[in-house]
Amino acid sequence: MNIAKTVLVTMLLSVCTLALARNETLYNEHYIGPDENQAWEELAVPMPAYPTANEQWANIYVNQTYTGQPKLMLNSISIHTDHTVHYILNQQSNQGINNLSTEAIHCPTRRMKVFGFGDDVNKRWIQPRNSQWKVIGTTLNQLDKVRSVLYQTFCEDGLPRNQQELMKRITTRAMR
């Protein structure tokens, strides 16, 4: 009985040794993804004009339990060569109070940055003191539900190739 256990343990150890000798890994070695170590240079994009009363806004659908009323200014959306999408967002409260911001999403890193907050009284942008690129979160761990919807709209399946594809994505992904 004791000899059988020794033989079995010896066989298991030899199988493990062979697996290690093959240098097998637990990840896909053939996947070619974005180079995360590659230097990225953000384009200097000027602040957009402050929205007027006659701008066209699209309501963003987050989910059934989301209480805010986020809106995306359609003619503010611009796609740049540094793989960022710039836009104006209004996270309007249930009481109708506007919370405007001009922002961008960097698609390859799933990050967003606020460039300015809206001063609705003086109709101007106020730049934040410390504007940094912040992680939006994943589909399963949504740190920011509104920006997650915008990321899915702008970045999933690559950046939109033209204005027609962008508008189709907004109506099918963001306005459900």
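1. A good place to start in this predicted model is helix H3, where glutamate 165 and arginine 169 sit 4 residues apart, about one turn of the helix. Their side chains meet in a salt bridge, at 3.0 Å from N to O. Both glutamate 165 and arginine 169 are buried.

2. Next, look at how H3 meets its partner. Helix H2 (residues 145-154) and helix H3 (residues 163-174) pack with their axes 9 Å apart, at an angle of about 140°. That angle makes H2 oblique to H3, and the crossing is right-handed. From H2, the contact involves Val149, Gln152, Thr153 and Phe154, while H3 brings Leu166, Arg169, Ile170, Arg173 and Ala174. Sorted by type, these contact residues are 5 nonpolar, 2 polar and 2 charged.

3. Arginine 173 is worth a second look. Its salt bridge with aspartate 157 has the closest N and O atoms 2.6 Å apart. Arginine 173 belongs to helix H3 and aspartate 157 to the loop between H2 and H3, so the pair ties together parts 16 residues apart in sequence. Is arginine 173 buried or exposed? With 19% relative accessibility, arginine 173 counts as buried, whereas aspartate 157 is exposed, at 66% relative accessible area.

4. Helix H2 has a pairing of its own to show you: arginine 147 and glutamate 103 form a salt bridge of 2.4 Å, N to O. Since arginine 147 lies in H2 and glutamate 103 in strand S5 (residues 100-106), this pair links parts that are 44 residues apart in sequence. Arginine 147 and glutamate 103 are both buried.

5. Finally, the overall tally: the count comes to 8 salt bridges.

Note on methods
Residues numbered from 1 in each chain as written. Predicted model: local features only at pLDDT ≥ 70, side-chain atom pairs only at ≥ 80, totals over all residues. Heavy atoms only, no water. Axes fitted to C-alpha atoms, helices over the stretch in contact; angles between N-to-C directions. Helix = DSSP H or I, 4+ residues; strand = E, 2+ residues; numbered from the N terminus. Parallel < 35°, antiparallel > 145°, perpendicular 65-115°, else oblique. Left-handed = near helix turned anticlockwise from the far one by under 90°. Contact = heavy atoms within 4.5 Å. Nonpolar A, V, L, I, M, F, W, Y, C, P; charged D, E, K, R; others polar. Salt bridge = Lys/Arg side-chain N within 4 Å of Asp/Glu carboxyl O. Buried < 20%, exposed > 50% of the residue type's maximum accessible area, 1.4 Å probe, protein only.
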